[in-house]
Amino acid sequence: MLSRLYNSFLLSMLISVILFKSEWLEMRVNLGWVFFGLVIVLFLLMGALKFFSSFAASLIILIISCSGIFLLTGQEGISIIPASIIREGIGQTHIKFNTINYALLAIIFAGLILTFIFSRRHEH
């Protein structure tokens, strides 16, 4: 269950960044709400597929998501666009980008570690 949540979080961020690249969409839709909605929808959809519950799937999705976001945003945009999507979603635009980036990094690394630990427990 944790790995599905983690994977849906990562894929939702990648999809939200792809949507962010559309200027028309970015100007008219709160992509933060889209992000959180995608997390819920993807979490429910991944429940039907056992593949998304493994550590290997989490690692692959992490690599694909981070690579895709980096390729789409570039070196400068990667520190701004994901954080702005989160800020917009929680409606707290006064929070600094660095604060949200630290939280995102903590979620990414803690999620990967926890996914590894829980996948080991299910194997034994």
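This passage describes the fold, the nonpolar core, the aromatic contacts and selected helical positions of a predicted model.

The secondary structure of the protein consists of 6 helices and 0 strands. Read from the N terminus, the order of elements is accordingly α-α-α-α-α-α. The C-alpha trace extends over about 50 × 25 × 25 Å along its principal axes. For a chain of 124 residues, a compact globule would have a radius of gyration near 14 Å, and the value of 15 Å found for the protein agrees with this. The accessible surface amounts to about 7600 Å², and carbon and sulfur atoms account for 72% of that area. Of the 124 residues, 40% count as buried. Contacts also join distant parts of the sequence: among those between residues at least 6 apart, 73% connect residues at least 24 apart.

The interior was examined next. In soluble globular proteins, nonpolar side chains tend to be buried together. In the present model, the largest nonpolar core comprises 25 residues, and those with the most contacts inside it are Leu-10, Met-13, Phe-35 and Ile-85. Two or more residues of this core come from each of the helices α1 (2-20), α3 (31-46), α4 (55-77), α5 (81-90) and α6 (97-123). The greatest contribution is that of α1, which supplies 8 residues.

Ile-85 illustrates how this interior is assembled. Residues up to four places away in sequence being left aside, Ile-85 touches Met-13, Ser-16, Val-17, Phe-20, Leu-31, Gly-32 and Phe-35. Ile-85 is itself one of the buried residues of α5, a group that also contains Ile-81, Pro-82, Ala-83, Ser-84, Ile-86, Arg-87 and Gly-89. Because 8 of the 10 residues of α5 are buried, this helix is largely enclosed by the rest of the structure. The residue that follows α5 is Gly-91, which has a positive phi, near 70°.

Aromatic side chains provide a further set of contacts. A pair of aromatic rings is described by the distance of the centres and the angle of the planes. The structure holds 3 aromatic pairs. In one of them, Phe-9 and Phe-35 meet edge-to-face, with 5.4 Å from centre to centre and 80° between the planes. Since Phe-9 belongs to helix α1 and Phe-35 to helix α3, the pair ties together parts that lie 26 residues apart in sequence. Both Phe-9 and Phe-35 are buried. A second edge-to-face pair is formed by Phe-55 and Phe-116, for which the centres are 5.0 Å apart and the planes stand at 70°. This pair likewise links distant parts of the chain, as Phe-55 is in helix α4 and Phe-116 in helix α6, 61 residues apart. Here Phe-55 counts as partly exposed, at 22% relative accessibility, and Phe-116 is also partly exposed, at 35%. Ring pairs additionally link Phe-9, Phe-35 and Phe-36 into a cluster.

Arginine side chains are also placed over aromatic rings. Arg-4 lies over the face of Phe-43, at 4.5 Å from the ring centre. Arg-87, one of the buried residues of α5, lies over the face of Phe-97, at 4.2 Å from the ring centre.

Three positions were considered in helix α6. Leu-105 is located in this helix and is partly exposed, with a relative accessible area of 44%. Its C-alpha atom is separated by 24 Å from that of Arg-121, 16 residues away along the chain. Ala-110 is likewise found in α6, and its relative accessibility of 36% places Ala-110 among partly exposed residues. Ala-110 and Tyr-6 are 104 residues apart in sequence, yet their C-alpha atoms are 9.8 Å apart in space. Gly-111, also in α6, has a relative accessible area of 11% and is therefore buried, as the limit for this class is under 20%. When residues up to four places away in sequence are not counted, Gly-111 touches Tyr-6 and Ala-106. By contrast, Gly-111 and Lys-96 are 15 residues apart in sequence and 23 Å apart in space, C-alpha to C-alpha.

How values were computed. Residues numbered from 1 in each chain as written. Heavy atoms only, no water. Core = buried A, V, L, I, M, F, W, Y, C linked by side-chain atoms within 4.5 Å. Buried < 20%, exposed > 50% of the residue type's maximum accessible area, 1.4 Å probe, protein only. Helix = DSSP H or I, 4+ residues; strand = E, 2+ residues; numbered from the N terminus. Contact = heavy atoms within 4.5 Å. Phe/Tyr/Trp six-rings, centres within 6.5 Å; stacked < 30°, edge-to-face > 60°. Lys NZ or Arg CZ within 6 Å of the ring centre and 35° of its normal. Rg over C-alpha atoms; globule rule 2.2 N^0.38 Å. Areas by Shrake-Rupley, 256 points an atom, 1.4 Å probe, with all protein chains shown as cover.
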